[in-house]
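Grab your viewer and work through these exercises one at a time. Try each task before reading the solution below it.

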Amino acid sequence: MRTILITGQGGTGRTTVAAATALKAAREGTRTLLLTADRTDTLGAVLGVPTGPNPVEAVPGLTAWRPDAAARFRDDLTAFQRRATTALDLLGASRLDAEEVTPLPGAEELALLRALRDAALSERYGLLVVDLPPAPQALALLALPEELRRYLRRLLPPERQAARALRPVLGRLAGVPMPSEWLYETAARWDLELAAVQAVVEDRATTVRLVAEPGPAGADAVRTAATALALRGLPVDGLVASRVLPGATNDAWLAALAAQQRKALDEWQETYDLHEVPHRGHDPRGTDDLAALPVPGVNTPPTPVEWPVTDHLADDGVLVWHIPLPGAIRDELDLIRRGDELVVTVGQFRRIVPLPSALRRCTVAGAALREGELRIRFAPDPGLWPREK
């Protein structure tokens, strides 16, 4: 299934672009699901069809879905209390009734991730269009499955489950209760669910489409988002410039604003597959307005983001790891090696990635940021590197 994740600058019509993209694909014959996590029904207002926890057919071939985060959170908490009955009884804790539970911050994002997984596993659709929050929140959301899985592996390593028969004995010897079976089972189930979501996000047919209004603020938002997406290994398949003003006007104020937009558009044209959506003079409402927007269709996914390792041992005695980071600024870049992992920080974004197997037997010999690419040099560790016979 082809998946297009739509995000970008806040307040620039991301939901409108997502709806127009999904509508165009559906009218071209692709069975499409349009997914959003908005607490308010912005998507329904744009489509002209109310959306909610039950998928609804907006037009033939196009289904819209806005999962109910509150209901899912209540179900999860109720199930957790049921599994943790023994531990809660020991602590003297009283149960929370489903009616008194309100979702915590982040519940909408988790509901969206689960819906993303469920949609991919259903195999009912040829295209999934996801209306994500603005770029900073969307990037944190897309990073969540990988990061949570890492936390689970550190806190409850899977290999410890092999010693489950010894836990009662160890508990008596230590004088404290050991983690019970349900805890490891819960962790394993969470890891399986997160892995399914991560597989959708990292699939070769999944791409990100950015939406921004041309101008200085939009340029900054696009640069930051593109760098952060590259750090996550997510390819950008296009940039939609929204609310583009006509160039010819007798109004001096509008002419100045249009000139500012044109400067940003010219710069974006050199880097991105750019699509301009003109300002309609009103907020699009209904399928007729959406169909009039010249949004890009479902194109072929671009080449996946690769982080290759090149061999320069013969000439320079090093291996070089190439990490594309377009738009990155040297002063905002930081690297830390932690055992077999590398912590890469670019501005406000951070990712912890495992080193390729060959680089685990090396020491870091230096790094440089050139032409939007981070190049990290690794020198073989004589104590770990295979000796030539």
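**Exercise 1. Strand S6 and its partner**

Task: work out in which sense S6 and S7 pair, and over how many bridges.

Solution. Start with strand S6, residues 206-212, and put it beside S7: the two pair in the parallel sense, over 5 bridges. To pin the register down, take Val211, whose bridge partner in S7 is Val240. Next, follow the chain from S6 through H9 to S7; this β-α-β crossover is right-handed. Keep in mind that you're looking at a predicted model.

**Exercise 2. The other neighbour of S7, and its cover**

Task: find how S7 pairs with strand S8, then decide whether S7 is mostly covered or mostly open.

Solution. Strand S8 spans residues 274-278, and S7 pairs with S8 in the parallel sense over 4 bridges. A handy landmark here is Val244, which stands opposite Pro278 in S8. Now for the cover: S7 runs over residues 236-244, and 7 of its 9 residues are buried, so call the strand mostly covered, taking buried as under 20% relative accessible area.

**Exercise 3. Two helices side by side**

Task: classify the packing of H6 against H9, and say what kinds of residue make the contact.

Solution. First get the geometry: helix H6 (residues 135-155) and helix H9 (residues 216-232) pack at an angle of about 10°, with axes 10 Å apart. Angles under 35 degrees count as roughly parallel, so that's the label for H6 and H9. Then list who touches whom. H6 brings Ala135, Leu139, Ala143, Glu146 and Glu147, while H9 brings Ala225, Ala228, Leu229 and Arg232. Finally, sort those residues by type: 6 are nonpolar, 3 are charged and none is polar.

**Exercise 4. An open sheet**

Task: write down the strand order of the 4-stranded open sheet, and explain why its edge strands each have a side without a neighbour.

Solution. The order is S9-S10-S15-S14, with antiparallel pairing. Strand S9 (309-312) and strand S14 (362-370) stand at the edges, and each has a single partner strand, so one side of each is left without a neighbour in the sheet. From one strand to the next, the twist averages 25°. For a closer look at one pair, take S9 and strand S10 (residues 318-324): they pair in the antiparallel sense over 4 bridges. Within that pair, Thr310 has Val320 of S10 as its bridge partner.

**Exercise 5. Positive phi without glycine**

Task: check phi at Arg243 and at Glu371, then decide whether each residue is exposed, partly exposed or buried.

Solution. Arg243 comes up with phi near 55°, which is positive even though the residue isn't glycine. Arg243 sits in strand S7. Its relative accessible area is 29%, so Arg243 is partly exposed.

Now do the same for Glu371. Its phi is near 50°, again a positive value in a residue other than glycine. Glu371 is found in the loop between S14 and strand S15 (373-380). With a relative accessible area of 80%, Glu371 is exposed, the cut-off being over 50%.

**Exercise 6. The whole chain**

Task: say how many helices and strands there are, what share of residues is buried, and what share of contacts spans 24 or more positions.

Solution. Count the elements and you get 12 helices and 15 strands. For burial, 42% of the 389 residues count as buried. For contacts, consider those in the chain with a separation of 6 or more: residues 24 or more positions apart account for 68% of them.

Definitions and conventions
Residues numbered from 1 in each chain as written. Predicted model: local features only at pLDDT ≥ 70, side-chain atom pairs only at ≥ 80, totals over all residues. Heavy atoms only, no water. Axes fitted to C-alpha atoms, helices over the stretch in contact; angles between N-to-C directions. Parallel < 35°, antiparallel > 145°, perpendicular 65-115°, else oblique. Contact = heavy atoms within 4.5 Å. Nonpolar A, V, L, I, M, F, W, Y, C, P; charged D, E, K, R; others polar. Buried < 20%, exposed > 50% of the residue type's maximum accessible area, 1.4 Å probe, protein only. Pairing = 2+ DSSP bridges. Right-handed = clockwise from strand over helix to strand, strands pointing away.
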